[in-house]
Amino acid sequence: MYRVYNFSAGPSMLPLPVLEKAAGELVSYKDSGMSVMEMSHRSPVYEGIIAETQELLRKLLNIPANYKVLFMQGGASTQFAAVPFNLLNGSGKADYIVTGQFSKKAYEEAKKYGDIKLVASSEDKNNTYIPQLTKADFRADADYVHICFNNTIYGTKFNYIPDTGDVPLVADMSSCILSEPVDVTKFGLIYAGAQKNVAPAGLTIVIVREDLIGKSRPDTPIMFDYKTMADNDSMYNTPPCYPIYIAKLVFEWLLELGGLEAMKKINEAKAKVLYDYLDSTDYYIAPVEKAYRSMMNITFVTGVEDLDKKFAKEAEKAGFVNIKGHRSVGGMRASIYNAMPLEGVEKLVEFMKEFAKNNPKEGK
Ligand SMILES: *Cc1c(COP(=O)(O)O)cnc(C)c1O
């Protein structure tokens, strides 16, 4: 069967064993006689699936008992509003760090609902770094602080967890969740759209400390309210049944691999292959400051726009697809999420070497 190396930033690759398992169970799940897609979400079989999915995620991320796991919809972008609706309930103040387009969107959305402060931004250097902040930078009476932990478009990642004191830290982890272990207790709330590292689009994971639930603004839409979701085990209405089932298969795949410590080692090895090459050549330029390099989204340019275009085109033909940078940034971006095998990155580097040899830059 023909499978390309898909470097898409999202929706992105799923592990082949997961797709194969899903294919085997597509028409009839176990002995139910029906597809998971066709099941009532209130059936005992499906209730088993969703409960197990949550258990597996708790195990993988070592989520403490005082945190709820919610399976929501609307993507990470819906959380840009859901977070202020639920959490902006004390002083009405929240502090945002803007390190890319998604955190900027989150900031703009929150501004509709309260006193939102832009504490720091990396826009001055085209989002190629992460600002270093201390507790003194945040308002002590803020209801929360919001960050985007891994910046999908620019290829940066927080190399530290900001100390916000007693103010809950909220993190968009859409493009790095489950790529390595994370200390959940350092966060009040973590959210992630599933389509980067977890499952098909349609599922949004929210991990939220219990004391932050149940104090939403009175005008909160019921589907945005974490309390509605928590009280109904994410089944107030029909959940995204099939993406949740695929998430379960992905979690099983991760556990079989050895969990997130093992996944981290693999991801580090993959990223090293590409970064080592980028550091060894002056044909390609990696614009992100080294300390803030993402392990998941790796951006680079040739410095010549026409060559960047040619690169993306020829890569596509050679079976390395979706490697063009985000439309707002240009250049190239290789998203190497959990499901991308090491071999895919090694072969990409071989292709990059060939391309550099065959397309010398003028004057060189
Ligand atoms: C993809 C992405 C989003 C947007 O996710 P949707 O599910 O499409 O709303 C938000 N934040 C980050 C960090 C992302 O990578």
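**Group meeting: a walk through the fold**

Hi everyone, let's start at a leucine. Leu178 touches Leu57, Leu60, Leu61, Asn197, Val198, Phe251, Leu254, Leu260, Met263 and Asn338, leaving aside residues up to four places away in sequence. Do keep in mind that this is a predicted model.

Leu178 belongs to the bigger picture of the interior. The largest nonpolar core has 67 residues, and Leu61 and Leu178 are those with the most contacts inside it. Which element gives the largest share of this core? That is helix 6, residues 241-257, with 11 residues. There is also a second, separate core of 30 residues, and Tyr284, Met295, Ile323 and Phe351 are among its members.

Let's stay with helix 6 and bring in helix 2, residues 44-61. The two pack at an angle of about 40 degrees, with their axes 9 Å apart. That angle is why helix 2 counts as oblique to helix 6. Helix 2 passes helix 6 in a left-handed crossing. If you want to pick out the contact on your screens, the helix 2 side includes Tyr46, Ile49, Ile50, Leu56 and Leu57, and the helix 6 side includes Cys241, Ile244, Tyr245, Phe251 and Leu254. Charged side chains take their place in the list too, including Glu52 and Lys59 from helix 2 and Lys248 and Glu252 from helix 6.

Now over to the sheet. Seven strands form an open sheet with mixed pairing, in the order 2-10-9-8-5-3-4. Strand 2 (67-72) and strand 4 (115-121) stand at the edges with a single partner strand each, so one side of each has no neighbour in the sheet. From one strand to the next, the twist averages 15 degrees.

Strand 5 is my favourite stop here. Is this strand, residues 144-148, enclosed or open? Five of its five residues are buried, so the rest of the structure largely encloses it. Both faces are covered: Tyr144, His146 and Cys148 are buried on one side, and Val145 and Ile147 on the other.

What about its partners? Strand 3, residues 93-98, pairs with strand 5 in the parallel sense over three bridges, and Ala94 has Tyr144 as its bridge partner. Strand 8, residues 169-172, also pairs with strand 5 in the parallel sense, over four bridges; there, Ile147 stands opposite Ala171.

For the antiparallel part, look at strand 9, residues 189-193, which is joined to strand 10 by five bridges. Gly193 stands opposite Thr204 in that pair. Lying across strands 3, 4, 5, 8 and 9 is helix 4, residues 101-110, which runs at about 160 degrees to strand 3.

Two last residues before we chat. Phe224 lies in the loop between strand 10 (204-209) and helix 5 (226-231). Buried or partly exposed? At 23% relative accessibility, Phe224 counts as partly exposed, because buried would need a value under 20%. Its contacts include Met72, Thr78, Ala81, Ala82 and Phe85. Phe224 and Gly74 are 150 residues apart in sequence, yet their C-alpha atoms are 9.6 Å apart.

The other one is Glu268, in helix 7, residues 259-280. Glu268 is partly exposed, with a relative accessible area of 39%. Its C-alpha atom is separated by 6.7 Å from that of Met295, 27 residues away along the chain. Met295, you'll recall, is part of the second core.

That's my tour, thanks for listening!

Definitions and conventions. Residues are numbered from 1 along each chain as its sequence is written. This is a predicted model: local features need pLDDT of at least 70, side-chain atom pairs count only at pLDDT 80 or more; totals for chains, interfaces and linings use all residues. Side-chain values use heavy atoms; hydrogens and water are left out. A nonpolar core is a set of buried Ala, Val, Leu, Ile, Met, Phe, Trp, Tyr and Cys residues joined through side-chain atoms within 4.5 Å. Buried means under 20% relative accessible area, exposed over 50%, partly exposed in between (1.4 Å probe, protein chains only). Contact means heavy atoms within 4.5 Å. Two strands pair if DSSP finds at least two bridges between them. Axes are lines fitted to C-alpha atoms, for helices over the stretch in contact, and angles run from 0 to 180 degrees between N-to-C directions. Angles under 35 degrees count as roughly parallel, over 145 as roughly antiparallel, 65 to 115 as roughly perpendicular and the rest as oblique. A crossing is left-handed if the near helix is turned anticlockwise from the far one by less than a right angle, and right-handed if clockwise.
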